[in-house]
Amino acid sequence: MDRSDDVKARLQPAIPEAPKPKAQNAISVQKSLKGIIAGGVTGAIEILITFPTEYVKTQLQLDERLGKARKYSGPINCVKVTVNEFGVRGLYRGLSVLLYGSIPKSAV
């Protein structure tokens, strides 16, 4: 009898897998959404930490033009001058443009 059951099982067509219940789909969508949000937030935090360094580097590179007196004597002086002229927010000038592009990139 075991052998005939085995033969019947082999002859029957494969039964397709039943679709996932809606609760499981909702959980997977929720996990995906959490991952996207976490990636976006992580990317934003990374930019907030590294942006002032990049800003100072760029200002020093632009300050090296020929034919003009240098405005900054070094990185620390660049930070001091920027903070004196614009406040601490001056170190983050231009940040919004970078965030608009980087957050979606980090989220994916």
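Among contacts between residues at least 6 apart in sequence, 54% join residues at least 24 apart. That figure, like the rest here, comes from a predicted model. The protein has four helices and zero strands. Along the sequence the pattern reads α-α-α-α. Buried residues account for 21% of the 108 residues.

Now the interior. The largest nonpolar core holds twelve residues. They are Ala44, Ile47, Phe51, Tyr55, Val56, Leu60, Tyr72, Cys78, Val81, Leu91, Leu95 and Leu99. Helix 2, helix 3 and helix 4 each supply at least two residues of this core. Helix 2 gives the largest share, six residues. In soluble globular proteins, nonpolar side chains tend to be buried together.

Phe51 is a good residue to follow from here. It belongs to the core. Its relative accessibility is 10%, under the 20% cut-off, so Phe51 counts as buried. Phe51 also takes part in an aromatic pair, and a search of the whole structure finds one such pair. The partner is Tyr92. The two rings are stacked, with 6.4 Å centre to centre and 15° between the planes. Phe51 lies in helix 2 (residues 22–63), while Tyr92 sits in the loop between helix 3 (75–86) and helix 4 (95–107), so the pair ties together parts that are 41 residues apart in sequence. Tyr92 has 30% relative accessibility, which means that Tyr92 counts as partly exposed. The pair therefore joins a buried ring to a partly exposed one.

Next to Tyr92 in the numbering comes Arg93. Arg93 lies over the face of Phe86, at 3.9 Å from the ring centre.

Helix 4 follows. Leu95 is in this helix and is buried, as are Leu99, Ser102 and Ala107. Leu95 and Leu99 are also members of the largest nonpolar core. An α-helix has 3.6 residues a turn, so residues three or four places apart point the same way. Leu95 touches Ile47, Leu48 and Phe51, leaving aside residues up to four places away in sequence. Of these contacts, Ile47 and Phe51 are listed in the core too.

How does the length of helix 4 compare with what its 13 residues should span? At 1.5 Å a residue, the 13 residues should span 18 Å, and the end C-alpha atoms are 18 Å apart, so the two values agree. The helix also has a bend. At Gly101 helix 4 bends by about 25°. A proline, Pro104, follows within four residues.

Technical notes: Residues are numbered from 1 along each chain as its sequence is written. This is a predicted model: local features need pLDDT of at least 70, side-chain atom pairs count only at pLDDT 80 or more; totals for chains, interfaces and linings use all residues. Side-chain values use heavy atoms; hydrogens and water are left out. Rings of Phe, Tyr and Trp (its six-membered ring) pair if their centres lie within 6.5 Å; planes under 30 degrees apart count as stacked, over 60 as edge-to-face and the rest as tilted. Buried means under 20% relative accessible area, exposed over 50%, partly exposed in between (1.4 Å probe, protein chains only). A charge sits over a ring if NZ of Lys or CZ of Arg is within 6 Å of the ring centre and within 35 degrees of the ring normal. The expected span of a helix is 1.5 Å times one less than its number of residues. The bend at a residue is the angle between axes fitted to the seven residues ending there and the seven starting there. A nonpolar core is a set of buried Ala, Val, Leu, Ile, Met, Phe, Trp, Tyr and Cys residues joined through side-chain atoms within 4.5 Å. Contact means heavy atoms within 4.5 Å.
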